[in-house]
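Please walk through this protein model with the sequence and the coordinates side by side. The text begins with confidence and then turns to helix packing and an aromatic pair.

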Amino acid sequence: MLSKQNWFIRYKLYHIPFWLLYNYVLWALYTGSPYEAAHEQFFSTFWAKSLFYTIFPAFAVYFNLYFLIPRYLQKRHYGWYIMFIILIVVVSSFLIVPGYYITAWLSGSNAQKMFGITSNFSGWFNAAKSEPVKSTLAAITLGMSIKLAKNWLETQKRQRELEKEKLETELKFLKYQFNPHFLFNSINSIFFLIHKNPDMASASLAKFSELLRHQLYESNDSLIPLKKEIAYLENFIELERLRQSPNLQLNINIDDGYSPALGIAPFILMTFVENAFKHVSREKDFLNWIDIELTTEKHHLNVRVANSKGENKSAEAVVYGGIGLKNVKRRLDLVYPGQYKLDIQDRADDFIVKLGLELSELTFSPPVEFIA
């Protein structure tokens with residue numbers, strides 16, 4: 001029973017009984033009798049007329065929802081949209097009229113006797129501009145109303161899930177990212193630098209402070225400037241340099257030609273970078289490496305993070321900083337639905353993550369710096 005239900009829903013066959021029921025309700029309202037409407041639609045020759053009133057308005061609805069709205073209305077081509085919506089109403093209305101002639105033929109009569117419609121173009125036009133036009137307009141209005149209501153409910157649901165996911169993600173990052181191991185290692189590294197290289201120790205302490213500030217205070221918004229997120233990544237990478245083995249080679253290539261108005265959800269990029277440092281190989285007999293590349297092209301962000309894997313590295317590498325691949329992909333689905341492409345390659349010697357992301361601009365303008 002479950003498989004049949006899934007098959008029925010998968011191919012959206014429930015649309016058929018919906019349109020049959022919709023047309024029956026309209027017919028019942030028109031005749032003023034539910035019984036008479038059922039008799040005419042299913043037990044008389046009027047089924048042909050009813051079928052035409054069901055198929056072509058439904059066609060107009062789907063053509064509007066899945067072609068005209070995405071291609072013209074959503075792209076703000078209002079003139080083209082109005083022109084095509086009028087055209088589709090006219091075409092649908094004219095295509096309904098043959099249902100009158102077929103019904104009359106099945107009844108052994110003609111359209112003029114049964115419906116007062118002549119067989120010339122004038123009669124066809126007069127028939128199309130009355131009930132068929134009203135029926136098509138009513139169907140299109142209903143279809144748009146259902147679609148808008150469905151989109152609103154999905155948006156509200158996704159917003160609630162996004163807020164819940166954001167809170168859970170922030171808590172998990174606080175737990176896994178800034179754990180005692182990371183904190184004490186960073187502090188110890190800076191402590192030893194105080195005597196060895198005071199200037200480097202001072203710079204490292206500043207980066208550590210910026211890292212904590214971003215984690216605790218600057219990442220509360222749903223979108224933050226891309227510049228801040230990249231600065232956070234760079235501070236994290238510099239601190240990791242202090243903790244890692246000297247035989248770890250870091251290749252960092254971050255493009256700085258992006259627009260300052262671009263925004264990004266916090267911790268989206270950090271997940272993959274932190275994972276690379278956590279799971280990079282630490283072998284003594286060959287070169288260990290991490291490659292981080294970030295480029296932008298207008299609103300499109302490309303990120304590639306790769307790290308070497310040792311012989312004893314297992315599938316644990318697919319776990320991202322204690323959050324898990326499933327959670328990362330879910331957060332991308334919530335924040336960037338249909339706007340990202342994630343490719344993960346877990347190979348024998350290396351682990352590669354490629355992320356393509358369509359960014360949006362922040363609603364506020366970045367502050368302007370004045371030189372006194």
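**Confidence and helix packing**

In this predicted model, mean confidence is lowest in helix α1 (residues 2-10), at 54, and highest in strand β5 (residues 300-308), at 94. The average pLDDT of the protein is 78, and 80% of the residues score at least 70. Two stretches call for a separate word. Residues 314-323 stay under 50 in pLDDT, and for them the model has 30 contacts beyond four places in sequence. Residues 365-372 are also below 50, but this stretch has one contact in the model beyond near neighbours in sequence.

Next come the helix pairs. Two packed helices are described by the angle between their axes and the distance between the axes.

Start with helix α2 (residues 15-31) and helix α3 (residues 34-42), whose axes come within 8 Å and cross at roughly 125°. An angle that is neither under 35 degrees, nor over 145, nor from 65 to 115 counts as oblique, and α2 and α3 are therefore oblique to each other. The crossing of α2 past α3 is right-handed. On the α2 side, the residues that meet α3 are N23, Y24, W27, A28 and T31; on the α3 side they are P34, E36, A37, A38, E40 and Q41. Sorted by class, this contact has six nonpolar, three polar and two charged residues.

Further along the chain, helix α4 (residues 47-73) packs with α5, the axes coming within 10 Å and crossing at roughly 170°. Angles over 145 degrees count as roughly antiparallel, so α4 and α5 are roughly antiparallel to each other. Their crossing is right-handed. From α4, the contact takes in F52, Y53, F56, P57, F59, A60, F63, N64, L68, I69, Y72 and L73. From α5 come Y78, W80, Y81, F84, I85, I88, S92, L95 and I96. What classes of residue make up the contact of α4 with α5? There are 19 nonpolar residues, two polar and no charged ones.

Helix α5 (residues 78-96) also packs with helix α6 (residues 98-106), at an angle of about 5° and with the axes 4 Å apart. Since an angle under 35 degrees counts as roughly parallel, α5 and α6 are roughly parallel to each other. F94, L95 and I96 of α5 make this contact with P98, G99 and Y100 of α6. By class, the contact has five nonpolar residues, one polar and no charged. L95 and I96 thus appear in the contact of α5 with α4 and in that with α6.

**Aromatic pairs**

A pair of aromatic rings is described by the distance of the centres and the angle of the planes. The count for this model comes to 12 aromatic pairs. One of them joins F236 and F277 edge-to-face, with 5.8 Å from centre to centre and 80° between the planes. F236 lies in helix α12 (residues 226-243) and F277 in helix α13 (residues 270-279). The two are 41 residues apart, and the pair links distant parts of the chain.

Terms used
Residues numbered from 1 in each chain as written. Predicted model: local features only at pLDDT ≥ 70, side-chain atom pairs only at ≥ 80, totals over all residues. Heavy atoms only, no water. pLDDT = per-residue confidence, 0-100. Contact = heavy atoms within 4.5 Å. Axes fitted to C-alpha atoms, helices over the stretch in contact; angles between N-to-C directions. Left-handed = near helix turned anticlockwise from the far one by under 90°. Nonpolar A, V, L, I, M, F, W, Y, C, P; charged D, E, K, R; others polar. Phe/Tyr/Trp six-rings, centres within 6.5 Å; stacked < 30°, edge-to-face > 60°.
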